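Colleague: Hi! Could you walk me through this one? I'd like to get my bearings before I go back to the bench.

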Amino acid sequence: TTTTTSEPAPLAPTDIPGEPVNQYDLRVRDCFDQIEDRRDGLPVTITTRLPCDDPHHFEVFAQLTYPAEHPSVFPGDGVIRDFALASCYRLFPGWVGRDYETSTLEIGVIVPTQDNFENDAARYRGIHCWVEHVDGEPMVGTSRDSGW
């Protein structure tokens, strides 16, 4: 007897709330969700932008640029993530209205990959700082000056 494990069918765009977007196209004040899915057996992340008045899990609170001219060798995922998290941490109180340590929010980042960092056309150095509730519960409304 042979047992086969079938993979769930990929999500259809109509099954996902919000407007599908490239995560690098998000801007400050954009609220969004990310859904993990599989396409052709590979994991993919689908990012959707939502109105902040609708339940959502994440909100972009800052954008910055990694300080490296082109051409530069990619410094590594850890170096870029550490730079991004330290920078976002410094910007957090000015957005939320309270210190990170006393808030109910967690900081996350979207950072460049090696491919888009070293690509001669893209030369991408952008970093997005976002927040989410520590408990994973959806937010309704903006985190700006929320004191969360």
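Modeller: Happy to. A quick definition to start: helices and strands here are DSSP runs, at least four residues for a helix and at least two for a strand, numbered from the N terminus. Also keep in mind that this is a predicted model. With that naming, Arg81 sits in helix α1, which covers residues 77-96.

Colleague: Is Arg81 buried, exposed or partly exposed?

Modeller: Arg81 has a relative accessible area of 37%, and because buried means under 20% and exposed over 50%, Arg81 counts as partly exposed.

Colleague: And what does Arg81 touch, beyond residues up to four places away in sequence?

Modeller: Val109 and Val111. Gly108 is 27 residues from Arg81 along the chain, and their C-alpha atoms are 9.5 Å apart.

Colleague: OK, now the sheet. What's the strand order?

Modeller: There are 6 strands in an open sheet, ordered β1-β3-β2-β4-β6-β5, with antiparallel pairing. β1 (19-21) and β5 (105-110) are at the edges with a single partner strand each, so one side of each has no neighbour in the sheet. From one strand to the next, the twist averages 45°.

Colleague: How many bridges are there between β2 and β3?

Modeller: 9 bridges, linking β2 (residues 31-39) and β3 (residues 42-50) in the antiparallel sense. Glu36, for instance, has Thr45 in β3 as its bridge partner. The two strands make a hairpin with 2 residues between them, and Asp40 in the turn has a positive phi of about 50°.

Colleague: What about β2 with β4?

Modeller: Those two are antiparallel as well, over 2 bridges, with β4 spanning residues 58-65. Phe32 is opposite Phe58 in β4.

Colleague: Where does α1 go relative to the strands?

Modeller: Helix α1 lies across β4, β5 and β6 (126-133), and runs at about 120° to β4.

Colleague: Which residues have the most contacts inside the largest nonpolar core?

Modeller: Phe61 and Phe92, in a core of 20 residues. β4, α1, β5 and β6 each give two or more residues to this core, and α1 supplies the largest share, 6 residues. A second, separate core has 8 residues, among them Val21, Tyr24, Val60 and Trp130.

Colleague: Who does Phe92 contact, leaving aside its close sequence neighbours?

Modeller: Beyond four places in sequence, its contacts include Phe61, Tyr100, Leu105, Ile107 and Val131.

Colleague: Switching topic: how many disulfides?

Modeller: The whole structure has 2. One joins Cys31 and Cys52, with the sulfur atoms 1.8 Å apart. Its S-S torsion is about 95°, so this disulfide is right-handed. Cys31 is in strand β2 and Cys52 in the loop between β3 and β4, so the bond ties together parts 21 residues apart in sequence.

Colleague: And the other one?

Modeller: That's Cys88 with Cys129, sulfur atoms 1.9 Å apart. This link is left-handed, with -75° about the S-S bond. Cys88 belongs to helix α1 and Cys129 to strand β6, so the pair connects parts 41 residues apart in sequence.

Colleague: Are Cys88 and Cys129 buried or exposed?

Modeller: Cys88 is buried, at 0% relative accessibility, and Cys129 is buried at 0% too.

Colleague: Last one: what about Ser87?

Modeller: Ser87 is in helix α1 and counts as buried at 7% relative accessibility. A polar atom of the Ser87 side chain lies 2.8 Å from the backbone oxygen of Phe83.

Conventions:
Residues numbered from 1 in each chain as written. Predicted model: local features only at pLDDT ≥ 70, side-chain atom pairs only at ≥ 80, totals over all residues. Heavy atoms only, no water. Pairing = 2+ DSSP bridges. Buried < 20%, exposed > 50% of the residue type's maximum accessible area, 1.4 Å probe, protein only. Contact = heavy atoms within 4.5 Å. Axes fitted to C-alpha atoms, helices over the stretch in contact; angles between N-to-C directions. Core = buried A, V, L, I, M, F, W, Y, C linked by side-chain atoms within 4.5 Å. Polar contact = N/O pair within 3.5 Å; in protein donor to acceptor, adjacent residues only side chain to side chain. Disulfide = S-S within 2.5 Å.
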